[in-house]
Amino acid sequence: MRADGATRRFASGDWLTPSLALFTAALMSVGTIAALAFMLATADGPLDIMGRPIGTDFASFWTAGRMAIDGMAAQAYDWSSHFAVQRELLGNDKYFPWSYPPVFLLLASLFAALPYLPAFLAWQGASLAAAATAYWNILPFRRALLFGFGFPAVFICLGHGQTGFLTAALMAGGLLALRRHEVLAGILFGLLAYKPQFGVLLPFVLAAGGYWRAFAAAAATVCAVIALSLAVFGWPVWAAFIDSLGATRSIVFEAGDTGFEKFQSAFALVRLWRGPAVLAYAIHGLVALAVAASVIWVWRVDAPFRLQAAALLAGSLLVSPYTLDYDFVVFGMALALIFAHGLERGFRDWDKTLLALGWIAPLLARTFAKTVYLPVGLFMLVAIFLLIVVRIRDERLAGAHVTRPSIALT
């Protein structure tokens with residue numbers, strides 16, 4: 001009987017009381033602020049207490065930007081040259097390679113005009129503010145921002161000085177604008193050219209949903225930023241980028257020099273268990289095809305837009321073999337959209353429990369993958385994606401069952 005009672009509590013989500021949820025979000029928020037404050041307070045110039053550049057991966061962006069400013073944009077894709085400049089400017093011997101398309105050099109060079117630490121703070125502050133604005137438009141409640149900032153992927157992204165906030169702001173912002181301002185949405189989607197692996201599904205869903213103006217605006221934006229990068233840096237930088245792709249694929253991706261425990265993809269799961277690259281590509285390809293077909297179906301049918309948007313965000317992470325834990329800021333936007341839908345239409349059995357597990361997953365993902373070879377981030381991403389698809393199917397078959405919201409945010 002006790003087991004049955006516990007199962008019912010977890011199924012209904014009654015265990016997730018408002019006080020427990022708020023305490024956890026507040027604890028994570030305080031921990032994130034404290035960790036960032038400690039990192040800055042103990043810094044020795046641009047280096048942290050462990051002798052690494054503050055924001056680690058941001059060292060790659062800033063160095064490439066400095067090289068572009070100094071007329072060496074193409075050399076940023078030569079790892080030996082990039083490392084030499086990085087070591088000279090920052091004084092550390094750990095290398096953080098540069099592998100982004102040249103369109104990102106346009107942005108990197110703007111921040112690299114500042115000294116390293118102000119550049120890091122400006123980069124993370126601006127991109128975090130953009131992501132927070134998108135999040136607020138999904139869940140416009142004061143306490144919701146606590147859950148947004150406390151989401152563990154925020155801590156990871158801040159620690160690495162990474163692009164998760166910008167990616168989430170562009171994707172979620174584009175989706176929020178899509179139904180009223182298609183051209184603006186298309187522009188935001190087109191700016192994802194800096195990280196093209198997360199834009200793979202966009203042409204298909206825009207076509208499936210009939211958003212042709214957004215489709216055209218996105219295509220025009222991609223062409224415009226590529227043309228701008230060519231005008232600023234010239235063809236040699238694109239030739240250098242193309243030449244560097246083989247090394248990036250074999251060293252950073254296939255060999256896992258980045259660390260497969262940081263990846264959250266079907267490809268990385270196979271490689272984490274020492275499976276050959278060809279098997280990893282095959283399994284990931286099957287997963288990607290299934291996810292793509294599901295997302296296109298979701299966007300073709302008459303479904304709640306919040307769930308369509310959440311499916312695209314989660315599906316984009318699943319389709320890319322190169323999804324890392326700091327990219328899960330995008331996953332946080334998907335969780336917020338599902339939660340907003342639940343507040344309006346009601347929560348079904350297991351919804352709140354799965355959302356809570358998805359929310360905490362980025363905190364555990366890297367540790368679990370490294371110690372027991374289980375990428376819990378990937379598993380929760382799959383679980384949430386299935387939750388979305390099944391809910392859309394059930395609502396189409398039976399009609400939405402409207403209930404009063406069972407968690408108050410205000």
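**Figure legends: overall fold and close-up views**

**Figure 1. Overall view of the protein chain, which has 19 helices and 0 strands.** The model shown is predicted. Along its principal axes, the C-alpha trace of the protein chain spans about 65 × 50 × 45 Å, and the radius of gyration of 21 Å agrees with the value near 22 Å that a compact globule of 410 residues would have. Of the contacts in the protein chain with a separation of 6 or more, 73% are made by residues 24 or more positions apart, and buried residues make up 52% of the 410 residues.

**Figure 2. Close-up of P102, located in the loop between helix 4 (79-90) and helix 5 (103-112).** P102 counts as buried because its relative accessibility is 0%, under the 20% cut-off. When residues up to four places away in sequence are not counted, P102 touches Y77, S229, F233, V237, W238 and F241. L191 lies 89 residues from P102 along the chain, and the C-alpha atoms of these two residues are separated by 12 Å.

**Figure 3. Close-up of two cysteines, C157 and C223, in a structure where a search finds 0 disulfides.** C157 has 0% relative accessibility and therefore counts as buried, whereas C223 is exposed, with a relative accessible area of 52%.

**Figure 4. Surface and charged side chains of the protein chain, which exposes about 18,000 Å².** Carbon and sulfur atoms supply 67% of this exposed area. The protein chain has 28 positive and 22 negative side chains, and the centres of these two sets lie 9 Å apart.

Technical notes
Residues are numbered from 1 along each chain as its sequence is written. This is a predicted model: local features need pLDDT of at least 70, side-chain atom pairs count only at pLDDT 80 or more; totals for chains, interfaces and linings use all residues. Side-chain values use heavy atoms; hydrogens and water are left out. Helices (H or I, at least four residues) and strands (E, at least two) are DSSP runs, numbered from the N terminus. Buried means under 20% relative accessible area, exposed over 50%, partly exposed in between (1.4 Å probe, protein chains only). Contact means heavy atoms within 4.5 Å. A disulfide is a pair of cysteine sulfur atoms within 2.5 Å. The radius of gyration is taken over C-alpha atoms; the globule rule is 2.2 Å times the number of residues to the power 0.38. Accessible areas come from the Shrake-Rupley method with a 1.4 Å probe; for residues, only the protein chains shown count as cover. Lys and Arg count as positive and Asp and Glu as negative; His and the chain ends are not counted. The place of a charge is taken as NZ of Lys, CZ of Arg, CG of Asp or CD of Glu.
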